[in-house]
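Visitor: I would like to learn how to read empty space and domain contacts in a protein model. Could you take me through an example?

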Amino acid sequence: MSVLEVSHRGKDFTECAADAEATIRRLAGVSDDYAVLFLAGGATGQFSAIPGNLTQRGDTIAYLNTGQWSKKAIKEATRQGLEVKVVADEADSSYTTTPAPGSFTVPAEAKYLGYCANETIGGVAMPYVPTEEAAGVPIVADVSSMYLSRPIDVTKFGVIFGGAQKNLGPAGMDISIIRRDLMGHARSDVPAIWDWQVMADNDSMLNTPPTFSIYLLGLILHWIEDEGGLEAMAQRNDAKAARLYEAIDSSSFYNNPVEPGSRSAMNVPFTLADSSLDADFLAGASAAGLVNLKGHRSVGGMRASIYNAMTDEGVSALIDYMAEFERTRG
Ligand SMILES: *Cc1c(COP(=O)(O)O)cnc(C)c1O
């Protein structure tokens, strides 16, 4: 029988899930002060579940607005009856910057400070964890598009959450790392499958969990470990990103609009000097085996997502194609 067929309550699968959790704990240095939960509904589900677990209606929270994913989280928190204080908003730069350290403060009454550590669509990454600005308020970070792409100091956070699909496994599952003192205070109307305490008490298996996704997650976590862990991932990811940004910056044909200190090592958006060539660029790229380069519909242009799994050779192939396209068409 395969993992698709065995009972999720049986020893074979419970060992598989326990191993995935243990491997995350080893890789990211997660102590027993934190629960590691596998939750339904992806990161978007947590946009609803986080307010449900950490607040009551009418409470205040603080959020940094650094782009499209923080906007979605803010919208959902507002829908959950919260007073959302947007303590920093990068609208003036069209979301190509992050707030400078010390440029904002979090009101003491805020139940948490939320932010998106890597804005997938805009290619903007927060270069620091705002612990000083948040002073005593739990920090909740959406790390979907940079999950386990570099070392992380878990102790700075109240909650780390993200969908598995960008860096760690199949779509549909959220992985949340939650400080235990923040659990057990959920609103009475939170769905049980999103009540962190209930899920922790049931090893994330109140319902039948996405067994195949958890199995694949475990395989990918072991791959990360075999490659040398998060230090090795960071080195490789930074080297890939540096080469791609260098190719963009040294050309007058390609442009990346993001302030250098806020650039993402995972998502690299870029535009062509002449956008009427976009379709030709994409068609030629596809013919060369370079796919998934079309920018998000809301921003246009191109976007290279160079997650953990993207090889050095893949990035080199893109850089070579870009140079050739510029030489012949630019
Ligand atoms: C992809 C993404 C999400 C949404 O994840 P789902 O699993 O589709 O809900 C949320 N935040 C960020 C930063 C993302 O990149």
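Guide: We will look at the cavities and then at the contact between the domains, bearing in mind that this is a predicted model.

Visitor: How many cavities of 30 Å³ or more are there, and how is such space found?

Guide: Rolling a probe the size of a water molecule over the atoms shows where empty space is left. In this model the count comes to 3 cavities of 30 Å³ or more, and the largest cavity holds about 80 Å³ of space.

Visitor: Which residues line the largest cavity?

Guide: Its lining includes Ala28, Val143, Met146, Tyr147, Arg150 and Ile177, and by class the lining consists of 10 nonpolar, 1 polar and 1 charged residues.

Visitor: Where do the domains lie along the chain, and what area is buried between domain 1 and domain 2?

Guide: The size of an interface is often given as the accessible area lost when the parts come together. Here domain 1 covers 9-225 and domain 2 covers 228-327, with 26 residues from domain 1 and 28 residues from domain 2 taking part in the contact. The area buried between domain 1 and domain 2 is about 2100 Å², with carbon and sulfur atoms giving 55% of it, while the centres of the two domains, taken over C-alpha atoms, are 27 Å apart.

Visitor: How many salt bridges and polar contacts are counted between domain 1 and domain 2?

Guide: The count between domain 1 and domain 2 is 1 salt bridge, alongside 16 residue pairs in polar contact. Aspartate 238 and arginine 150 meet through their side chains in a salt bridge, at 2.5 Å from N to O, and Arg150 is also one of the residues lining the largest cavity.

Conventions:
Residues are numbered from 1 along each chain as its sequence is written. This is a predicted model: local features need pLDDT of at least 70, side-chain atom pairs count only at pLDDT 80 or more; totals for chains, interfaces and linings use all residues. Side-chain values use heavy atoms; hydrogens and water are left out. On a 1 Å grid over the protein atoms alone, a cavity is a set of points where a 1.4 Å probe fits but cannot get out, and a pocket is an open set with protein on both sides within 12 Å along at least five of seven lines; lining residues have an atom within 4 Å of a point. Grid points are joined across faces, edges and corners, and a volume is the space filled by probe spheres set on the points. Ala, Val, Leu, Ile, Met, Phe, Trp, Tyr, Cys and Pro count as nonpolar, Asp, Glu, Lys and Arg as charged, and the others, Gly among them, as polar. Domain bounds come from an automatic or database domain assignment. Contact means heavy atoms within 4.5 Å. Buried area is the accessible area (1.4 Å probe) that two parts lose on being put together, summed over both. A salt bridge is a side-chain nitrogen of Lys or Arg within 4 Å of a carboxyl oxygen of Asp or Glu. A polar contact is a pair of N or O atoms within 3.5 Å; within protein, one must be able to donate a hydrogen and the other to accept it, and residues adjacent in sequence count only if both atoms are side-chain atoms.
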